[in-house]
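Here is my note on the model you sent round, set out as numbered points for reading beside the structure.

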There are 2 protein chains.
Amino acid sequence: MAEVSSPPPGFELPLLLFAGFRSLIDELHAELAERGHPDVRPVHGFALQAIGPYGTSASEIGRRLGVSKQAAGKTVDRLAGLGYVERADDPADARRKLIRLTPRGIDVLTQSAEIFDHLRARWVATLGAERVAEVESSLRTVVPETAFPVDVPGWFG
Amino acid sequence: MAEVSSPPPGFELPLLLFAGFRSLIDELHAELAERGHPDVRPVHGFALQAIGPYGTSASEIGRRLGVSKQAAGKTVDRLAGLGYVERADDPADARRKLIRLTPRGIDVLTQSAEIFDHLRARWVATLGAERVAEVESSLRTVVPETAFPVDVPGWFG
DNA sequence: ACGGTTCCGACAACCACGTTGACGAGTTTA
DNA sequence: TAAACTCGTCAACGTGGTTGTCGGAACCGT
């Protein structure tokens, strides 16, 4: 019944989770900057993921990200300005503009995957494969399916 | 030498960490809303924490949060508008305005601590005390001291 | 085949949150 | 005392959201 030693206060858990997330993202972007992608921001990664290898419409990106089509359109504008995506007319539907990843956009995604693997390997080197796997499996257990971070942008404010 | 089963791709780790963080914060704010604090946003919590029980100046809040004093001033404006903080003249220094938590501000902090404890207890009920403690200790090990999320606001964009 | 509904992308106005730069007023320091 | 610094505020701006509106294109039911 009695706790042997008092558990840590509950507010540490979210702080630790965020710190872990943040350190990974910070290192990712530091590394991306060194590899020729200094201008891509954390939010952009989610948008690029939402586009996918075959391209989609801006409205669809908005739906996947959980934001309005207007917001998605603005994000596409900026990504286009940075050279990560391009707009093309959709031959099948004159209303739509197909948003596609440029080679540069594909590159940043490829490199990101590589860097994330590298960062996870660093955690394994520090904690051991088992403990990393257990963190992952614990989180998978406790995180509701719905909470998966599709709709990240603007969630904070 | 060979991996018995291939490890999960590295990009899952940050996603899981963020999903865990986010689910906790979402539940916190859902609960806070029910307890009479529907307008407080995730970012505000960090600012209220930065103020502390005795109050400080806006510039100091900015320093603690890693943002400009102007940005801190705006945040204080909003928190004051919501009734969580108040400005008072500092008798010792006519330049400074002392930002202090109102009773309502103290209440939201007290309730947050309580809710976080409750949420952690739910994780314990699902995963067991040991696994939760191990997640915490693993993260403490792997997170650099410097990455502790003091300077959260605006970090994303 | 045509007319209503729905969807697309764009424009405008607005809000939240961050940034720099400048400034007057007050405090500290040399 | 004069110079240097700090505080808070104002202004302008950038970015990432929101809602509302709108014309044009596609779909669907009669």
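The points below take the basis of the model, then the contact between the chains, then two helix pairs.

1. This is a predicted model, in which local features need pLDDT of at least 70 and side-chain atom pairs count only at pLDDT 80 or more, while totals for chains, interfaces and linings use all residues. Residues are numbered from 1 along each chain as its sequence is written, chains are lettered from A and ligands numbered from 1 in the order in which they are written, and side-chain values use heavy atoms, with hydrogens and water left out.

2. Chain B and chain A each give 51 residues to their contact (contact means heavy atoms within 4.5 Å). The area buried between the two chains is about 5600 Å², with carbon and sulfur atoms giving 75% of it; buried area is the accessible area, for a 1.4 Å probe, that two parts lose on being put together, summed over both.

3. Between chain B and chain A there are two salt bridges, a salt bridge being a side-chain nitrogen of Lys or Arg within 4 Å of a carboxyl oxygen of Asp or Glu. The side chains of B:R140 and A:E12 form a salt bridge, at 2.5 Å from N to O.

4. On the side of chain B that touches chain A, the elements that give two or more residues are α1 (12-34), α2 (42-51), α5 and α6 of chain B (helices are DSSP runs of H or I, at least four residues, numbered from the N terminus). The largest share, 15 residues, comes from α1(B). By class, this side of chain B has 32 nonpolar, eight polar and eleven charged residues, where Ala, Val, Leu, Ile, Met, Phe, Trp, Tyr, Cys and Pro count as nonpolar, Asp, Glu, Lys and Arg as charged, and the others, Gly among them, as polar.

5. Within chain B, helix α5 (residues 103-127) and helix α6 (residues 129-142) pack at about 120 degrees with their axes 6 Å apart; axes are lines fitted to C-alpha atoms, for helices over the stretch in contact, and angles run from 0 to 180 degrees between N-to-C directions. The two helices are therefore oblique to each other, since angles under 35 degrees count as roughly parallel, over 145 as roughly antiparallel, 65 to 115 as roughly perpendicular and the rest as oblique. The residues that meet include B:W123 and B:L127 in α5(B) and B:V132 and B:E136 in α6(B).

6. The axes of helix α3 (residues 58-65) and helix α4 (residues 69-81) of chain B come within 8 Å and cross at roughly 110 degrees, and these helices are therefore roughly perpendicular to each other.
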